[in-house]
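Here are my notes on this structure, set out as numbered points. Please read them with the coordinates open alongside.

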Amino acid sequence: MNSPATAKNCLSVGATQTAGEIAVTRSISETSTATIKLNDIDSTSFPVLLSTFSPGFSTLNNGEFGLVPTSPALACSPITNAEEIAGKVALIERGTCNFVDKALEAERAGAVAVIVYDQVAGAYFAPDTNGEQSGIPTGIIPRRIGQNIIASVNAGQTATISFGPPAPG
């Protein structure tokens, strides 16, 4: 390959920074380990990626909380099942509006935290914001886990969630 990328069947990617631009770096997102119980039986533990716009899950003081899907599922408008969400963790589907907007709707409904599950299989990244902040912990989990929780709740099971430090290693 020659410079600048003149070889046959070669793809080259580059980036430049002009004078006056400042590179922005971010640290790896904080994670917590969430443990879900269905009908008071330990079910599964998995990592939750914390958003960049909320306090950490450690603010929940290792408590166990009900986990309730929001209505509407996307929580881009006022949550209509606020009486079920109050004092619990809201489970919200990703899509349509910003993560922080979802968190703020859940906060207004009285939720103590938010878990957003992705609407795309395999996607898993820390939710970001345009500068707004939420006063309750907000994180994201993969689609598969969120859909399994939704299916269990729709089948009449009660879901609870607790948060701990990330798993070692």
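1. The torsion about the S-S bond of Cys76 and Cys97 is about -90°, and the disulfide is therefore left-handed. The model is a predicted one, so this torsion, like the other values below, is computed from its atoms. The sulfur atoms of Cys76 and Cys97 lie 2.2 Å apart, which is within the 2.5 Å cut-off for a disulfide, and the count for the structure comes to one disulfide.

2. As for what this disulfide connects, Cys76 sits in the loop between S3 and helix H1 (82-85), whereas Cys97 sits in the loop between S4 and H2, so that the bond links distant parts of the chain, 21 residues apart. Cys76 counts as partly exposed, because its relative accessibility is 33%.

3. Strand S4, which spans residues 89-93, is mostly covered, with four of its five residues buried. On one hand S4 pairs in the parallel sense with strand S3 (residues 64-69), over three bridges, and within this pairing Leu91 of S4 is the bridge partner of Pro69. On the other hand S4 pairs, again in the parallel sense, with strand S5 (residues 113-117), over five bridges, where Ala90 stands opposite Val114 in S5. Between S4 and S5 the chain passes through helix H2 (residues 99-108), and the resulting β-α-β crossover is right-handed.

4. How many salt bridges does a search of the whole structure find? There are three, and one of them joins the side chains of Asp118 and Arg94, at 3.0 Å from N to O. Asp118 lies in the loop between S5 and strand S6 (138-141) and Arg94 in the loop between S4 and H2, so this pair ties together parts of the chain that are 24 residues apart in sequence. Asp118 is buried, because its relative accessible area is 0%, while Arg94 is partly exposed, with a relative accessible area of 22%.

5. Another salt bridge brings together the side chains of Lys37 and Glu64, with an N to O distance of 3.3 Å. This pair also links distant parts of the chain, since Lys37 belongs to strand S1 and Glu64 to strand S3, 27 residues apart. Lys37 is partly exposed, at a relative accessible area of 23%, and Glu64 likewise counts as partly exposed, at 43% relative accessibility.

6. A further salt bridge, between the side chains of Glu105 and Arg108, has an N to O distance of 3.1 Å. Glu105 and Arg108 are three residues apart in helix H2, and therefore about one helical turn separates them. Is each partner buried or exposed? Glu105 counts as buried, because its relative accessibility is 12%, whereas Arg108 is exposed, with a relative accessible area of 59%.

7. Finally, Ser32 deserves a look, as a residue placed in strand S1 (residues 31-38). Ser32 counts as buried because its relative accessibility is 5%, and buried here means under 20%. Which residues is Ser32 in contact with, once its neighbours within four places in sequence are left aside? The contacts of Ser32 are Phe46, Pro47, Val48, Phe57, Gly164, Pro165 and Pro166.

Conventions
Residues are numbered from 1 along each chain as its sequence is written. This is a predicted model: local features need pLDDT of at least 70, side-chain atom pairs count only at pLDDT 80 or more; totals for chains, interfaces and linings use all residues. Side-chain values use heavy atoms; hydrogens and water are left out. Buried means under 20% relative accessible area, exposed over 50%, partly exposed in between (1.4 Å probe, protein chains only). Helices (H or I, at least four residues) and strands (E, at least two) are DSSP runs, numbered from the N terminus. Two strands pair if DSSP finds at least two bridges between them. A crossover is right-handed if, with the strands pointing away from the viewer, the path from the first strand over the helix to the second runs clockwise. Contact means heavy atoms within 4.5 Å. A salt bridge is a side-chain nitrogen of Lys or Arg within 4 Å of a carboxyl oxygen of Asp or Glu.
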